[in-house]
Structures are given as C-alpha cells and as structure tokens.
Amino acid sequence: MTPHRIDARGLLCPLPVIRLQDAAKSLPPDTLVELIGTDPGILNDVPAWCRISGHQILESREENGEFHILLKLGE
C-alpha cells in the first residue's frame, strides 16, 4: 500500500503537524501517511501529536537532510 504523502519541506513547526492534522481529518483509520519535512522539530512534535491523537509511528528516519516519518492513523 502506498502511503498518503504530505510534503512539509521548508515549513517550520508547528506547520508540518497542522498539515498532518488537517490530512488526518479526511483520511480513514488505518491509512498509512508519510510526512516529509526539513525542520528537525517534527521528530518531537509528530510523535507527541500521535500519542495524543491515537496514531502510531511506524518509522522515522533522516535522509539527505530530510526527515521522513511513516505513521498509521488510528480511529
């Protein structure tokens, strides 16, 4: 399954989390979402938002100065 991709490169926190939150409202549970950003703050902000919102982080990695976070939406 190809994840729904959110490109937040060049945005500073909290904008990547706001984009993720907006997308999550329109996607069904169990959807895989990949957030790509350049602000290292997403490494703390996205997991915190997931804990509060009931979503699950599956993978988090850095690649060429970009941060990729793969998560599964909860209900």
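Begin by selecting strand 1 and strand 2 in this predicted model, where the two strands run parallel and are joined by five bridges. Within this pair, pick out His4 and look across to strand 2, where its bridge partner is Val33.

With those strands still displayed, add helix 1, which packs on the sheet and touches strand 1, strand 2 and strand 4, its direction making about 155° with that of strand 1. Then add helix 2, which also packs on the sheet but touches strand 2, strand 3 and strand 4, and whose direction makes about 10° with that of strand 4.

Now widen the selection to the whole sheet, an open one in which four strands follow the order 1-2-4-3 with mixed pairing. Strand 1 and strand 3 stand at its edges and each has a single partner strand, so one side of each is left without a neighbour in the sheet. If you turn the view to follow the strands across the sheet, the twist from one strand to the next averages 15°.

Move next to strand 3, residues 56–63, and strand 4, residues 66–72, which run antiparallel and are joined by seven bridges. Selecting Glu59 will let you find Leu70, the residue opposite Glu59 in strand 4. These two strands form a hairpin with two residues between them, and Asn64, in the turn, has a positive phi of about 55°.

From the hairpin, go to the loop between strand 2 (32–37) and helix 2 (42–53), and select Asp39, which lies there. Is Asp39 paired with an opposite charge, or without a salt bridge? Asp39 is buried yet has no salt bridge, and the nearest side chain of opposite charge, that of Arg19, is 12 Å away. What does lie close at hand is the backbone of the same loop: a polar atom of the Asp39 side chain is 2.9 Å from the backbone nitrogen of Gly41. Show the surroundings of Asp39 as well, and, once neighbours within four places in sequence are set aside, you will find Asp39 in contact with Leu11, Leu12, Cys13 and Phe67.

For the last stop, select Gly10, which is placed in the loop between strand 1 (4–8) and helix 1 (15–26). Is Gly10 buried or exposed? Gly10 is exposed, because its relative accessible area is 61%, whereas Asp39 in the other loop is buried. To finish, draw a distance from the C-alpha of Gly10 to the C-alpha of Ser53, which should read 24 Å for two residues that are 43 apart in sequence.

Technical notes: Residues numbered from 1 in each chain as written. Predicted model: local features only at pLDDT ≥ 70, side-chain atom pairs only at ≥ 80, totals over all residues. Heavy atoms only, no water. Buried < 20%, exposed > 50% of the residue type's maximum accessible area, 1.4 Å probe, protein only. Lys, Arg positive; Asp, Glu negative; His and termini not counted. Salt bridge = Lys/Arg side-chain N within 4 Å of Asp/Glu carboxyl O. Polar contact = N/O pair within 3.5 Å; in protein donor to acceptor, adjacent residues only side chain to side chain. Contact = heavy atoms within 4.5 Å. Pairing = 2+ DSSP bridges. Axes fitted to C-alpha atoms, helices over the stretch in contact; angles between N-to-C directions.
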